[in-house]
Number of protein chains: 2
Amino acid sequence: MYEVRWLTPDQLRAWIRFEAVVELLPTVLDSQLQRDSALTHFEYVVLAKLSESPDQVLRMTALAATTNSTLPRLSHVVSRLESRGFVERMPCPGDRRATNAHLTDEGRAKVVAAAPGHVNTVREHVIDLLSDEQVEQLDGIMATLLQRLDPTNTLRILP
Amino acid sequence: MYEVRWLTPDQLRAWIRFEAVVELLPTVLDSQLQRDSALTHFEYVVLAKLSESPDQVLRMTALAATTNSTLPRLSHVVSRLESRGFVERMPCPGDRRATNAHLTDEGRAKVVAAAPGHVNTVREHVIDLLSDEQVEQLDGIMATLLQRLDPTNTLRILP
DNA sequence: CCGCCAAGGTTGTCGCGACAAGAGACGTAC
DNA sequence: GTACGTCTCTTGTCGCGACAACCTTGGCGG
């Protein structure tokens with residue numbers, strides 16, 4: 001039985017709405033990609049991050065970090081993507097413990113084909129609904145939250 | 001091959017951060033509740049919504065709406081909660097198709113015990129990190145997004 | 001009444017995410 | 001050179017969420 005600081009009405013309202021968006025948004029992203037490209041949102045992110053990196057290669061650990069994922073989760077997903085021919089695993093030359101994930105040409109084609117529809121969904125459901133000022137506010141708020149959520153601050157390295 | 005309006009650098013940065021938070025936040029909420037109260041975040045929300053309603057009763061459909069869920073998902077969760085003694089199903093007097101979910105005393109005790117820890121987590125990871133102004137901004141942004149995400153606008157009925 | 005469709009819930013199946021356990025490889029201390 | 005701890009990744013198991021199929025009841029037109 002310790003002291004609890006409950007939320008004020010304003011805080012509560014903001015939280016309930018935020019909570020709702022956090023609950024609903026992933027479903028929207030997933031179903032669009034699933035429907036149009038037979039990809040999970042997470043699978044898409046993996047392919048996208050690989051396509052943005054030099055030589056289309058990233059170490060599993062680095063890939064896990066940029067996708068806000070854990071290694072076990074990533075490993076499973078890469079296995080699936082590998083069996084579909086979008087990614088191939090290659091031993092890392094310098095470190096025999098490490099594995100490199102490499103985007104195949106087929107995988108690259110896949111993500112290139114999926115990107116427009118995904119960007120469109122992001123616009124329709126988020127960006128285009130907000131003013132430039134609100135986008136800036138959103139960025140500031142999320143940057144603050146990430147300092148708590150992302151211990152390694154991987155995401156502070158941004159373009 | 002149609003026209004694509006890519007995101008501007010500012011928009012992209014905001015989106016990547018928002019995406020990261022949407023990915024990471026649910027895990028934090030789930031693991032705290034799981035660790036301290038052996039509850040899923042969604043289970044907690046179900047119990048909480050019931051505890052806030054008159055007579056601790058809500059129809060399944062209404063409960064699904066206020067928890068941003070689908071009926072199948074809710075039905076499964078209520079079954080689990082029922083087997084643990086936190087909720088009981090009762091036929092709705094007025095409509096023999098409908099089912100009422102009723103929070104038991106045990107369930108009420110459970111949610112009351114879990115609430116402080118949960119509120120604390122929400123404060124630590126979200127509310128207390130933001131200024132009052134940012135909380136207001138967050139509320140405005142999320143309200144806008146919900147108009148798209150929540151077709152029935154169930155959540156616009158707020159305290 | 002009676003045939004039809006919509007509304008309200010439940011159940012079954014499948015796939016993904018979380019977690020724990022394990023197998024190699026690297027570094028380092030002695 | 002060898003023993004220990006750490007890093008890197010994989011694998012197996014379990015539980016939840018999405019989706020589809022199904023069943024019952026209610027409303028409504030003829």
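**View 1. Residues around DNA strand D in the predicted model.** DNA strand D is surrounded by 20 residues. The closest are A:Thr61, A:His76, A:Arg89, B:Arg73 and B:Arg97. Of the strand D atoms that come within 4 Å of the protein, 73% belong to sugar and phosphate. By class, the surface near this strand has eight charged, six polar and six nonpolar residues.

**View 2. Helices at the surface near DNA strand D.** Helices H3 (60-66) and H4 (71-83) of chain A, and H4 of chain B, each supply at least two residues. H4(B) gives the most, with five residues.

**View 3. Polar atoms beside the backbone of DNA strand D.** A:Ser75 places a polar side-chain atom 2.9 Å from a phosphate oxygen. A:Thr99 has a backbone N or O atom 3.0 Å from a phosphate oxygen. In B:Arg97, a side-chain N or O atom is 3.4 Å from a sugar or linking oxygen.

**View 4. Packing of helices H2 and H4 in chain B.** H2 (residues 41-52) meets H4 (residues 71-83) at about 85 degrees, and the axes are 11 Å apart. H2(B) is therefore roughly perpendicular to H4(B). H2(B) brings B:Phe42, B:Glu43, B:Val46 and B:Leu47 to the contact. H4(B) brings B:Arg73, B:Leu74, B:Val77, B:Arg80 and B:Leu81. Six of the contact residues are nonpolar, three are charged and none is polar.

**View 5. Chains A and B about their axis.** A rotation of 180 degrees, with 0.0 Å of shift along the axis, superposes chain B on chain A with an RMSD of 0.0 Å. The two copies are thus related as by a two-fold rotation axis. In chain B, the C-alpha of B:Val22 is nearest the axis, at 2.7 Å. Both copies use the same surface: 100% of the contact residues of chain B recur in chain A.

Conventions: Residues numbered from 1 in each chain as written. Chains lettered and ligands numbered in written order. Predicted model: local features only at pLDDT ≥ 70, side-chain atom pairs only at ≥ 80, totals over all residues. Heavy atoms only, no water. Axes fitted to C-alpha atoms, helices over the stretch in contact; angles between N-to-C directions. Helix = DSSP H or I, 4+ residues; strand = E, 2+ residues; numbered from the N terminus. Parallel < 35°, antiparallel > 145°, perpendicular 65-115°, else oblique. Contact = heavy atoms within 4.5 Å. Nonpolar A, V, L, I, M, F, W, Y, C, P; charged D, E, K, R; others polar. Least-squares fit on C-alpha atoms with pLDDT ≥ 70 in both. Near = heavy atom within 4 Å. Polar contact = N/O pair within 3.5 Å; in protein donor to acceptor, adjacent residues only side chain to side chain.
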